[in-house]
Amino acid sequence: MPEHINKAARMGRKLLRLPTKVWGTATETLESIRAIRTQVDALRAQTSGIEREMRDMRSLSEFERDAAAMMHRSRYVGTPMRVVFLVHHPEAWYATQPVYEAMRDADDFEPIVATINRRFPGSGEFRDEEFVHERLNAFNVPHLRFRAHDSFEDLRALRMINPHIVFRQSQWDVDVPPAFSIWQLMDWRVCLIPYELMNLIDNPENGDGTDSAIDSAFHKNAWMIFVANEALAHKAQQGVPALAGRQFRVTGHPKADVLRSMKDAAREPERHFTVLWSAHHSIGDDWTRFGTFPHAWKVMAQLAQSHPSWHIVFSPHPALVSMLDAAQPPLSKAEVQEFWSVWKDLPNTSVIGGGGYESVFVDSDVLLTDGLSWLLEYQFMEKPVVFIEREGHRPFNEFGRRVLDGVHTIHHADEIPHVLETIKHGNTPNLVAQQRKVVDELLPIQGAAHNILNAIRTQIARENACNSPSVTHGDLN
């Protein structure tokens, strides 16, 4: 007989010899356990019922909130139309500036700009309203300041302004204080001009598997989203099944018009060969994985040391700045301190940030980047673009693949000195013709600000026709 069966038999004989008292105690224990299980089952049933009631109450509350928001949004709009621009990202002001200025100069709009805090990757708290305020002052943009410790106090101020329309600068609720999430702005017609000309990659999905570039909660609840071309609108129609992309409007992109005006701007006559180095924030193994700063910065510092007649301008993504401040892995605090110490001590290096990058676009000779937005934007300048492509990044979509036709691609930071030397001496292929094709095909529409204002006017007129009031326009403003 196998040994494990012998052991089981011996154990059984020992149990049979246990005293009656022990068996009785065991029986009582089992009965107690059964009683506890019965009570737990009863509590589970009761809890389940409470949870159902809470879900029903939450659904009712959400229904009431949504119904109230719809009623508020559908009220008759007279003139001037009051529009609030919530600004947390002055680095992307070029996307908004032409629309704000067009509204400022129009009789039927009343634009109001307000600064708010932000929280980019690497930052544990909402901050930087002071910085946003300083940048808008530099742009000569009058503005209100929403900087309360409790953002809901600022939301009450927004309600007092009682706008007809609210613009936010991005779809990312996580970047703005909770009072300015899409869920809190639903009383108003919320609009978006994307901060980038267009999304160039297959974005990471939302938690429910939808496309975060076109089908986030913000997109679903926005009144209008303005996009650069018909292909983007078609993609939204296919990728936003809940609404079939009906909130997307093809108007062209305001930033494209700003970039077109830069191309013909006068350059500084006496200047050194200038490299514009733009570094993305996705330096870890999550999100989009484009950032190469941890590997590139020493190469760039050595390049500046070995080429004292060159000028190298460092333009970090604003989220990279907060990640450097926090020494976000894979960076260490010592490494970040070393970089800033070396970079600031070099006589031929500088740093730019905060938006307003026209002068450096105009006066630089080449863009070196591992990021996305400037891959397309700098092609308006018809100057060389060098893309440091990190292995394993999120794949490019059809627009991103088209953009790559106008850039020189390298695959490691060690290649940077050679490719820049080659460009400096005019020994790389001239891609200006390809860049013109990229720009013309992807951004064919001009006059975006004018188009956006007209799209708003048209939609408001349609809604007003359905909500004609019995009072005068003035009574509602």
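Let us start at the N-terminal end of helix α7, which asparagine 229 caps: a side-chain oxygen of this residue lies 3.2 Å from the backbone nitrogen of alanine 231. I should say at once that the model is a predicted one. The protein averages a pLDDT of 89, and 86% of the residues score at least 70.

Staying with α7, which spans residues 230-239, the buried residues are Leu232, Ala233 and Ala236. They sit on the same side of α7, because they cover an arc of only 100° around the axis. The general geometry is familiar: an α-helix has 3.6 residues a turn, so residues three or four places apart point the same way. On the face turned away from the buried side, α7 carries the exposed residues Glu230 and Gln238. What, then, covers the buried residues of α7? The cover includes β6, residues 224-227, β7, residues 248-250, and α14, residues 398-403.

Two of those elements, β6 and β7, bring us to a sheet. The sheet is open, has seven strands in parallel pairing, and follows the order β3-β2-β1-β4-β5-β6-β7. Its edge strands are β3, residues 144-145, and β7, each of which pairs on one side only. Between β6 and β7, which run parallel, there are three bridges. Within this pairing, phenylalanine 226 has arginine 249 in β7 as its bridge partner. Elsewhere on the sheet, helix α3, residues 97-104, lies across β1, β2 and β4, and runs at about 135° to β2.

I turn now to a further sheet. This open sheet has six strands, again with parallel pairing, in the order β10-β9-β8-β11-β12-β13. The edges are taken by β10, residues 349-351, and β13, residues 408-410; each has a single partner strand, so one side of each is left without a neighbour in the sheet. On average, neighbouring strands of this sheet are turned by 20° against each other, direction ignored.

Strand β8, residues 274-279, is a convenient point from which to describe the pairing. Four bridges join β8 to β11, residues 366-369, and the two strands run parallel. Here tryptophan 277 stands opposite leucine 368 in β11. With β9, strand β8 pairs in the parallel sense over six bridges, and leucine 276 has valine 313 in β9 as its bridge partner. How is β9 placed with respect to the rest of the structure? Five of the six residues of β9, residues 311-316, are buried, so the strand is largely enclosed by the rest of the structure.

Next, a single residue, histidine 393. Histidine 393 is found in the loop between β12, residues 385-388, and α14. Is this residue buried or exposed? Its relative accessible area is 13%, so histidine 393 counts as buried, the cut-off being under 20%. The side chain of histidine 393 makes a polar contact of 2.8 Å with that of glutamate 389. Leaving aside residues up to four places away in sequence, histidine 393 touches Thr288, Arg289 and Phe290.

I close with a region of low confidence. Over residues 471-477, pLDDT stays under 50. For this stretch, the model has ten contacts beyond four places in sequence.

Conventions:
Residues are numbered from 1 along each chain as its sequence is written. This is a predicted model: local features need pLDDT of at least 70, side-chain atom pairs count only at pLDDT 80 or more; totals for chains, interfaces and linings use all residues. Side-chain values use heavy atoms; hydrogens and water are left out. pLDDT is the predictor's confidence in each residue, from 0 to 100. Contact means heavy atoms within 4.5 Å. Buried means under 20% relative accessible area, exposed over 50%, partly exposed in between (1.4 Å probe, protein chains only). The arc is that of the directions from the helix axis to the C-beta atoms. A polar contact is a pair of N or O atoms within 3.5 Å; within protein, one must be able to donate a hydrogen and the other to accept it, and residues adjacent in sequence count only if both atoms are side-chain atoms. Two strands pair if DSSP finds at least two bridges between them. Axes are lines fitted to C-alpha atoms, for helices over the stretch in contact, and angles run from 0 to 180 degrees between N-to-C directions.
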